[in-house]
Amino acid sequence: MNQFLTQHDLQSVLHYNPLTGVFTNKIDRNPRAPKGAPAGYTNTIGYTVIQINGRKIHAHRLAWLYMTGKWPLHEIDHINREIGRAHV
């Protein structure tokens, strides 16, 4: 599905902190996404969305790719932002 983006590509433009769940820009991605700033925005239902390579992707899916090197095969979500309570 999202094979257009690899773990290496993602890690070259974003940093992910697994303790906080926050992505930050490693580079100046555009004037509204400078280096060091948190990446993405929160949509109307509370999910963080990050645009990368022209596609908008939920941050929790990017976190899976960032940490495992693979896109999740099934739905992945979190419950109340609690670490370790993911549906896979």
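In strand β2, T24 is the bridge partner of H15. This pairing belongs to a predicted model, in which local features need pLDDT of at least 70, side-chain atom pairs count only at pLDDT 80 or more, and totals for chains, interfaces and linings use all residues. Residues are numbered from 1 along each chain as its sequence is written, and side-chain values use heavy atoms, with hydrogens and water left out.

The bridge between H15 and T24 is part of the pairing of β1 with β2 (residues 22–25), which is antiparallel and extends over four bridges. Two strands are said to pair if DSSP finds at least two bridges between them. Helices (H or I, at least four residues) and strands (E, at least two) are DSSP runs, numbered from the N terminus. Four residues lie between β1 and β2 in their hairpin, where G21 takes a positive phi near 80 degrees.

In a regular strand the side chains alternate between the two faces of the sheet. Strand β1 (residues 14–17) shows such an alternation: L14 and Y16 point to one face and are buried, whereas H15 and N17 point to the other and are not. Here buried means under 20% relative accessible area, exposed means over 50%, and partly exposed lies in between, for a 1.4 Å probe and protein chains only. G21, in the loop between β1 and β2, has a relative accessibility of 37% and therefore counts as partly exposed. The C-alpha atom of G21 is separated by 7.8 Å from that of A63, although the two residues are 42 apart along the chain.

The protein as a whole has two helices and seven strands, and from the N terminus on its elements run α-β-β-β-β-β-α-β-β. Of its 88 residues, 31% are buried. Among contacts (heavy atoms within 4.5 Å) with a separation of 6 or more, 34% join residues 24 or more positions apart.

A further group of strands forms an open sheet of three, in the order β3-β4-β5, with antiparallel pairing. β3 and β5 stand at the edges with a single partner strand each, so one side of each is left without a neighbour in the sheet. Strand β3 (residues 41–42) is joined to β4 over two bridges, and Y41 has V49 of β4 as its bridge partner. Five residues lie between these strands in their hairpin, and G46 in the turn has a positive phi of about 95 degrees. On the other side, β4 pairs with β5 (residues 55–58) over four bridges. I50 is the bridge partner of I57, while Q51 stands opposite K56. The hairpin of β4 and β5 has two residues between the strands, and N53 in the turn has a positive phi of about 55 degrees.

Helix α2 (residues 59–68) is largely enclosed by the rest of the structure, because seven of its 10 residues are buried. These are A59, H60, R61, L62, A63, L65 and Y66. Just after the helix, G69 takes a positive phi of about 85 degrees.

The largest nonpolar core, a set of buried Ala, Val, Leu, Ile, Met, Phe, Trp, Tyr and Cys residues joined through side-chain atoms within 4.5 Å, has 16 residues, and L5, L10, L14, F23, I50, I52 and L62 touch the most other members. The elements giving two or more residues to this core are α1 (7–13), β1, β4 and α2, and α2 gives the most, with five. Leaving aside neighbours within four places in sequence, F23 is in contact with residues that include L14, Y16, I50, A59, L62, A63 and Y66.

Rolling a probe the size of a water molecule over the atoms shows where empty space is left. A pocket is defined on a 1 Å grid over the protein atoms alone, as an open set of points where a 1.4 Å probe fits, with protein on both sides within 12 Å along at least five of seven lines; lining residues have an atom within 4 Å of a point. The second largest pocket holds about 310 Å³ of space, where grid points are joined across faces, edges and corners and the volume is the space filled by probe spheres set on the points. Of its 14 lining residues, R29, N30, A33, G40 and Q51 lie nearest its centre. Strand β4 (residues 48–52) supplies the largest share of this lining, four residues.
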